[in-house]
Amino acid sequence: MTLNAKICGLSTPETLDTAIRGGASHVGFVFFAPSPRNLSRERAQQLAARVPNHVTRVGVFVDPDDALLDSAISAGSLQALQLHTTSPERAAAIRAKTKLPVWAAVAVKQNVDLAAAARYQGIADRILYDAKTPAGATLPGGMGVRFDWTLLQGFRHPLPWALSGGLDPVNMAEAVRITGAELVDVSSGVGSSAGIKDPGKIAAFLKAASAL
Ligand SMILES: O=C(O)c1ccccc1NCC(=O)[C@H](O)[C@H](O)COP(=O)(O)O
């Protein structure tokens, strides 16, 4: 099996280059103002120009409006849209308008949460199973929270999918063994403090992924 890896929340040329050199299949750029990883148009343009064609640029959004999408897609030369807290109806409209693949983030804490994935069938191109962040948290993702991976065992996935939420260079192999994920996504687990990524941890995560 080839395990693909997305490094999310990249915001500097150095950490982006580390992800690309390490073999990331996808890189994630955050467009959500309250996030410490939020990118300006200028920074998104600067980063996007460094990404080779074989690495997919994914924009990360929280129920975005059209103006934000238009601006971010052009600045970040985005090739896929990861949508958090976005209804299936809105996700369908975004996909129809942008013609870009849509990843629907499904926030998971307990078994019943998985049912949300089916609501994106025929709408999203991929489900991103992510951990539900605590009530009142400012961000719906990128907080290093993990969920019980055994919930995905035996689950009939309605769409291609990726595993996210609290992964790091050490626990990722176990998460893959338990869930059978073929694409993993990480942000906090390769960071050193809020908004700052650690090149050493990015390299370690990607090395661990390439060993599986
Ligand atoms: O990173 C953010 O600031 C962010 C803000 C709003 C929505 C999503 C966000 N990040 C998504 C991710 O970084 C990951 O796709 C995912 O949530 C896993 O993050 P982590 O648990 O920190 O590895």
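User: In this predicted model, what makes Ala19, Ala24, Val27, Gly28, Val186, Val190 and Ile202 contacts of Ile7?

Analyst: Two residues are in contact if their C-beta atoms, placed from the backbone, lie within 7 Å. Leaving aside neighbours within four places in sequence, these seven names are the residues in contact with Ile7, so their C-beta atoms lie within 7 Å of that of Ile7.

User: Why is the set that includes Ile7, Ala104 and Val184 called a nonpolar core?

Analyst: A nonpolar core is a set of buried residues of nonpolar types joined through C-beta atoms within 7 Å. The largest such set has 62 residues, and Ile7, Ala104 and Val184 have the most contacts inside it. Ile, Ala and Val are among the types admitted, so these three fit the term. Strand S5 (residues 102–108) gives the most to this core, six residues. In soluble globular proteins, nonpolar side chains tend to be buried together.

User: What makes Ser35, Gly141, Gly142, Ser187 and Ser188 part of the shell around the ligand?

Analyst: A residue counts as near a molecule if its C-beta atom lies within 6 Å of it. The shell has 27 residues, and these five are the closest, so they meet that cut-off. Strands S2 (26–30), S3 (56–62) and S8 (183–186) each give two or more residues to the shell. By class, the shell divides into eleven nonpolar, 13 polar and three charged residues.

User: How do you know that helix H2 meets helix H3?

Analyst: Arg41, Ala44, Gln45 and Ala48 in H2 meet Ser71, Ala72, Ala75 and Gly76 in H3. The helices pack at an angle of about 35°, with their axes 7 Å apart.

How values were computed. Residues are numbered from 1 along each chain as its sequence is written. This is a predicted model: local features need pLDDT of at least 70, side-chain atom pairs count only at pLDDT 80 or more; totals for chains, interfaces and linings use all residues. Helices (H or I, at least four residues) and strands (E, at least two) are DSSP runs, numbered from the N terminus. Ala, Val, Leu, Ile, Met, Phe, Trp, Tyr, Cys and Pro count as nonpolar, Asp, Glu, Lys and Arg as charged, and the others, Gly among them, as polar. A residue is buried if 20 or more other C-beta atoms lie within 10 Å of its own, exposed if 12 or fewer, and partly exposed in between; C-beta atoms are placed from the backbone. Axes are lines fitted to C-alpha atoms, for helices over the stretch in contact, and angles run from 0 to 180 degrees between N-to-C directions.
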